[in-house]
Amino acid sequence: QLFAHQPPKNQSSKMADGGDAVAPVVDPLAAPKTAPVAKEGFVTYADDAALGKPAPSLSTLEWIQGEPLKFGEGKITVLLFFAKFAKGDYTTVAGITKLAKAFAKVDNVQFVGVSVDPDKGDAEGFLKKIGTDMPEIYIYNLEVPYPLAWDAGKTVKDEFRKISGLMSLGVSATYLIGADGTVVWREQFGQGYCPPDKGQLAEQLRRTVRKEELLTNGPKPKDEDEDEEEEEMYVPDDGSDDDLGLGF
């Protein structure tokens with residue numbers, strides 16, 4: 001399975017005869033047997049306010065890893081909002097890494113992580129987490145092979161919140177921006193519910209690259225709770241280093 005969790009460092013998969021198992025090579029652009037379905041409470045509807053709008057500029061970001069990038073210019077972009085203090089959501093960071101690795105040879109796809117930590121020092125502190133194990137959330141050797149930036153004043157996050165018509169926007173929020181710089185998909189993830197195995201982001205990315213029609217969940221049901229704050233993951237603004245009580 002292309003997106004299966006990686007085993008701990010120094011632990012290889014073994015076949016029954018004692019030899020090393022060889023993982024099958026899977027084409028990330030190959031269509032899945034069945035279309036993925038989003039979990040209730042994490043569904044992005046066809047009339048989502050962000051879809052079709054120009055993605056906000058990244059010009060105010062302060063880059064802490066890799067080279068600065070821009071939206072559009074022929075590049076399809078996967079954007080992730082994360083925070084050092086939201087350690088339970090590192091699973092989403094790791095999930096985006098799986099996608100980045102799978103699409104590494106697709107020239108027109110790029111990935112970027114944007115920290116919404118209150119201080120730049122906190123965002124830079126996240127870099128020290130790279131390469132470490134977090135067995136409590138099934139992460140072994142955290143890898144982040146894409147550019148990272150700190151969102152000073154949470155300017156970029158707030159602009160994405162506005163175009164999405166949301167009261168709040170927090171960590172594990174992801175956006176898929178097309179080659180022309182417009183938002184083609186938005187999806188919220190959270191601890192225990194992360195891409196690419198969960199949700200529809202991976203398939204929407206594949207379809208965007210292949211220029212296929214995207215999945216649609218239809219318009220938002222009229223009788224559904226309109227309180228968007230309930231739908232989004234809560235993100236404290238106090239920079240708490242243990243927001244989910246995991247103690248690490």
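Two strands pair if DSSP finds at least two bridges between them. In this predicted model, strand E3 (residues 109-115) and strand E4 (residues 148-150) meet that test, with three bridges in the parallel sense. One residue shows the match: Val114 has Ala149 in E4 as its bridge partner.

## The chain overall

The protein chain holds five helices and six strands. Along the sequence they follow the pattern β-β-α-β-α-β-α-β-β-α-α. The chain has 248 residues, and 48% of them are buried. Contacts reach far along the sequence. Of those between residues at least 6 apart, 76% join residues at least 24 apart. The accessible surface is about 12400 Å². Carbon and sulfur atoms account for 51% of that surface.

## The sheet

Strands of a sheet pair through backbone hydrogen bonds, either parallel or antiparallel. Here the six strands form one open sheet, and its pairing is mixed. The strand order is E1-E4-E3-E2-E5-E6. Strand E1 (62-65) and E6 are the edge strands, and each pairs on one side only. From one strand to the next, the twist averages 25 degrees.

## Helices on the sheet

Helix H1 (residues 90-102) lies across E2, E3 and E5. H3 also packs on the sheet, where it touches E2, E5 and E6. The table sets out the direction of each helix against E2.

| Helix | Strands | Angle to E2 |
|---|---|---|
| H1 | E2, E3, E5 | about 165 degrees |
| H3 | E2, E5, E6 | about 110 degrees |

## The buried side of H3

Helix H3 spans residues 155-164. Its buried residues are Val156, Lys157, Phe160, Ile163 and Ser164. They lie on the same side of H3, because they cover an arc of only 130 degrees around the axis. Buried here means under 20% relative accessible area. A lysine and a serine, Lys157 and Ser164, are thus listed along with Val156, Phe160 and Ile163.

What covers these residues? The cover includes three strands: E2 (76-82), E5 (173-177) and E6 (183-188). Those are the strands that H3 touches as it packs on the sheet. E6 is also an edge strand of the sheet.

The helix is followed by a backbone feature. Just after H3, Gly165 takes a positive phi of about 65 degrees.

Terms used:
Residues numbered from 1 in each chain as written. Predicted model: local features only at pLDDT ≥ 70, side-chain atom pairs only at ≥ 80, totals over all residues. Heavy atoms only, no water. Buried < 20%, exposed > 50% of the residue type's maximum accessible area, 1.4 Å probe, protein only. Helix = DSSP H or I, 4+ residues; strand = E, 2+ residues; numbered from the N terminus. Arc of directions from axis to C-beta. Contact = heavy atoms within 4.5 Å. Areas by Shrake-Rupley, 256 points an atom, 1.4 Å probe, with all protein chains shown as cover. Axes fitted to C-alpha atoms, helices over the stretch in contact; angles between N-to-C directions.
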